[in-house]
Amino acid sequence: MEYPMQVRTYLDDTYADQADTTVIAVGERDGRPWAAVEHCLFHPQGGGQPADRGWLDDVEVVPVRDESGLVVTEGPVLAVGQRVRARIDLQLRLTHAALHTAGHLVEAAGRARGWELAGNNHFPGQARVEFADPGHDPRLADPAGREEVTAELRKAVAAAVDENLPVTAETDGRGRRVVCLGALHAAPCGGTHVRALGDLEDLVLPTLKVKKGRIRVSYSAAHGAR
């Protein structure tokens, strides 16, 4: 169920960490109370991105793992019309945003080589993008060749960060939210992202691996000082 009155603040502003808002619906799910608030700061787990950590007043909440905008409360039952302050752990949010944006950038670098996206994961410590290679680059068959290809990916990714391409979101003709890295790359996405690629730091790509016919490009990244 979706609530027309609800604003998905996490989609509009990655950096918004608190908002005074109103409870617009409550209920029970699997024996636990849930609530929906007018201004929803809480990104749920999905699309390869972990959930935010957050609170309504001093009550910790867990975003429901879908796009309903609901949060499960760990404390007192809230009431419709109640005014509350929504907050998130901004440092954790920025960690997730940096990894998600870096994943799009790695995807862009792979697609520029003719690779096809086969999967991704933007979780801390697990971040990777997987590709299929229709062109069957022979260098991927041996360690030295894989390191050579990885070096080319690193160069492409670093150039985009140095160029500080803007990261924006728009709605396409099918009503989907599309995240754009300048003119370099665009993909449907419901995740949180940094404002520009120059916000990324410590973007590291270990030597890629090939497993079961898939190219696995692991990576790590952080958000720079604000």
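Visitor: How much space lies in the second largest pocket?
Guide: This model is predicted, with local features requiring pLDDT of at least 70 and side-chain atom pairs counting only at pLDDT 80 or more, while totals for chains, interfaces and linings use all residues. Numbering runs from 1 along each chain as its sequence is written, and side-chain values use heavy atoms, with hydrogens and water left out. A pocket is an open set of points on a 1 Å grid over the protein atoms alone, with protein on both sides within 12 Å along at least five of seven lines; points are joined across faces, edges and corners, and a volume is the space filled by probe spheres set on them. By that procedure, the space in the second largest pocket is about 210 Å³.

Visitor: Which elements each supply at least two residues of the lining of the second largest pocket?
Guide: Lining residues have an atom within 4 Å of a grid point, and 14 residues line this pocket, with Leu11, Thr14, Val167, Arg177 and His193 nearest its centre. The lining divides into 7 nonpolar, 3 polar and 4 charged residues, where Ala, Val, Leu, Ile, Met, Phe, Trp, Tyr, Cys and Pro count as nonpolar, Asp, Glu, Lys and Arg as charged, and the others, Gly among them, as polar. Elements are DSSP runs numbered from the N terminus, helices being H or I runs of at least four residues and strands E runs of at least two. The elements that each supply at least two lining residues are H1, strand S11 (167-171) and S12.

Visitor: Which element gives the largest share of the lining of the largest pocket?
Guide: The largest pocket holds about 340 Å³ of space, and Gly47, Glu67, Cys189, Gly190 and Gly191 are the closest to its centre among the 22 lining residues. Two or more lining residues come from each of helix H1 (9-12), H2, strand S9 (116-121) and strand S13 (185-188). In character, the lining comprises 7 nonpolar, 10 polar and 5 charged residues. The largest share, 3 residues, is that of H2.

Visitor: Which residues line the largest cavity?
Guide: In a cavity, a 1.4 Å probe fits at the grid points but cannot get out. The structure has 1 cavity of 30 Å³ or more, and the largest cavity encloses about 30 Å³. Its lining divides into 6 nonpolar residues, 1 polar and 1 charged. The residues in question are Phe42, Pro44, Pro63, Val64, Asp66, Gly69, Leu70 and Val71.

Visitor: Which element gives the most residues to the largest nonpolar core?
Guide: A nonpolar core is a set of buried Ala, Val, Leu, Ile, Met, Phe, Trp, Tyr and Cys residues joined through side-chain atoms within 4.5 Å; buried means under 20% relative accessible area, exposed over 50% and partly exposed in between, with a 1.4 Å probe and protein chains only. Of the 34 residues in the largest core, Leu105, Trp115, Leu197, Leu200, Leu208, Val217 and Tyr219 touch the most other members. Helix H2 (90-111), strand S10 (128-132), helix H3 (143-163), strand S12 (177-181) and strand S16 (214-218) give two or more residues to this core. With 9 residues, the element that gives the most is H2.

Visitor: How many disulfides does the structure hold?
Guide: A disulfide is a pair of cysteine sulfur atoms within 2.5 Å. Cysteine 40, buried at 1% relative accessibility, has its sulfur 16 Å from the closest cysteine sulfur, in cysteine 189, and is therefore too far for a bond. Cysteine 180, buried at 9%, is also too far for a bond because its sulfur lies 11 Å from the closest one, in cysteine 189. The number of disulfides is 0.

Visitor: With which side chain does the side chain of histidine 223 make a polar contact?
Guide: Histidine 223 is in strand S17 (residues 220-223) and counts as buried because its relative accessibility is 11%. A polar contact is a pair of N or O atoms within 3.5 Å; within protein, one must be able to donate a hydrogen and the other to accept it, and residues adjacent in sequence count only if both atoms are side-chain atoms. The partner lies in the loop between H1 and strand S2 (18-29) and is buried at 8% relative accessibility. At 2.8 Å, the contact is with the side chain of tyrosine 15.

Visitor: Is aspartate 30 buried or exposed?
Guide: Aspartate 30 is placed in the loop between S2 and strand S3 (32-37), and it has a positive phi of about 55° although it is not a glycine. Most residues other than glycine have a negative phi. At 77% relative accessibility, aspartate 30 counts as exposed.
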